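Visitor: Could you walk me through this structure and explain the terms used for its parts? I like to see the reasoning behind each label.

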Amino acid sequence: MYQSTIELITGICTDAVDACEDLGRTFGRLVSSARSMGLTFSGTGTNPVADYNERVVSPVPRYHDLLDKNQWMIRRMAVYGLHIHIGMPSGDACIRFLNQFMHAVPHLIALSASSPFWRGTDTGMAACRPTVYEAHPTAGIPPPVHDWYQFQKLYAELLRTGSIQSMKDIWWDLRPSPGYGTLELRMCDGPATLRELEAIVAFAHAQALLFQEEQDTFTGTSAKPPKRWIARENKWRALRYGLDAQIIDHHTLEQRALRTDILDRLERMAPLGRSLGYEAQFACLREICSRGSSAQRQRRVYEQRGSMEDVLAHNAQECLRQEPIWS
């Protein structure tokens, strides 16, 4: 939407390693082209110091239509996320996986959290980027549907009432993407480094395969999503506290450390990780849990140096190195 944003995309990839090799090649060309212009890049969910009022809108009619319709709320959308597309065998399967992934929303938010600062201010949150989307009526936790027919009916109602113009206007945390035949995960901040990005994509891929293995425990075409209030509460806690959050168990209502739940999921997915060659990616996820997300690293830099410009420089350095700087 804004000319200060560059979106990197991949082709169709077989796994997380393939996807990140694809992105790495594109990023390498980008850095090479920009060096002569004196430009460098950061991949975090927000620019810690930038003011969205100074952004220049790209000359695309749809963006200007959105500005006219949503006004100040769309102006604030100078934010950056990771979108992961997972191939689906059918529409009903897509809805089943969507409902299953609802349980993993806080995990993916906490692992990718990289937007603690906004316009030079500490928001007190691990990830403030998703709150920019939450203000829009077609964003956030998706409405409950249980099969592809129900989704088609909902989509037709949104179109008929003028609530959306196309699938592009649905900004849910998870959404079917019929044009690609995928389920799109949209809740993640932009990971600060390519190494973390690869680890997070590996987590999502392995989680999908684990869901596939466990599908016999569900009946009909739909896995049971969490209760809506629990889904919203757990998401909020991940946004606010990141890896330090306590989330609510959908079945027992007991509270559980999100960090512990992530590590337990990694243990359950360990056989899949070995078969996929994701040992290094899972090790990175454990390191994020023990040493801190990008949000925690950025705050540490600010606490030690007291300068938001140093935070910005740290983020750019991590992006170019393609791996976290924890020390």
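Guide: Gladly; we will take a sheet and then a pair of helices, and please keep in mind that this is a predicted model.

Visitor: What makes strand 1 and strand 7 a pair?

Guide: A pair needs at least two bridges. Strand 1 (residues 81-87) is joined to strand 7 by six bridges, in the antiparallel sense, so the two strands pair by that definition. Among the partners, Gly-87 stands opposite Thr-182, and Ile-86 is bridged to Leu-183.

Visitor: How do you know that strand 6 and strand 7 pair?

Guide: The same test works here. Strand 6 (residues 174-177) and strand 7 share four bridges and are antiparallel, and the cut-off is at least two. One of the residues involved is Pro-176, whose bridge partner in strand 7 is Leu-183. These two strands also form a hairpin, with four residues between them. In that turn, Gly-181 has a positive phi of about 70°.

Visitor: Why are strand 1 and strand 6 said to stand at the edges?

Guide: The open sheet has three strands in the order 1-7-6, with antiparallel pairing. Strand 1 and strand 6 each have a single partner strand, so one side of each has no neighbour in the sheet. On average, neighbouring strands here are turned by 25° against each other, ignoring direction. Helix 5 (residues 105-112) packs on this sheet and touches strand 6 and strand 7, with its direction at about 50° to that of strand 7.

Visitor: What makes strand 7 mostly covered?

Guide: A residue is buried when its relative accessible area is under 20%. In strand 7 (residues 182-189), eight of the eight residues are buried.

Visitor: Now the helices: why is helix 10 called roughly antiparallel to helix 12?

Guide: Helix 10 (residues 258-268) and helix 12 (residues 279-291) pack at an angle of about 165°, with axes 10 Å apart. Angles over 145 degrees count as roughly antiparallel, so helix 10 is roughly antiparallel to helix 12. Their crossing is left-handed.

Visitor: Which residues make that contact?

Guide: Helix 10 contributes Arg-259, Ile-262, Leu-263, Leu-266 and Glu-267, while helix 12 contributes Phe-282, Leu-285, Arg-286 and Cys-289.

Visitor: How many residues of each class are in the contact of helix 10 with helix 12?

Guide: There are six nonpolar residues, three charged ones and no polar ones. Cys counts as nonpolar, while Arg and Glu count as charged.

Conventions. Residues are numbered from 1 along each chain as its sequence is written. This is a predicted model: local features need pLDDT of at least 70, side-chain atom pairs count only at pLDDT 80 or more; totals for chains, interfaces and linings use all residues. Side-chain values use heavy atoms; hydrogens and water are left out. Axes are lines fitted to C-alpha atoms, for helices over the stretch in contact, and angles run from 0 to 180 degrees between N-to-C directions. Angles under 35 degrees count as roughly parallel, over 145 as roughly antiparallel, 65 to 115 as roughly perpendicular and the rest as oblique. A crossing is left-handed if the near helix is turned anticlockwise from the far one by less than a right angle, and right-handed if clockwise. Contact means heavy atoms within 4.5 Å. Buried means under 20% relative accessible area, exposed over 50%, partly exposed in between (1.4 Å probe, protein chains only).
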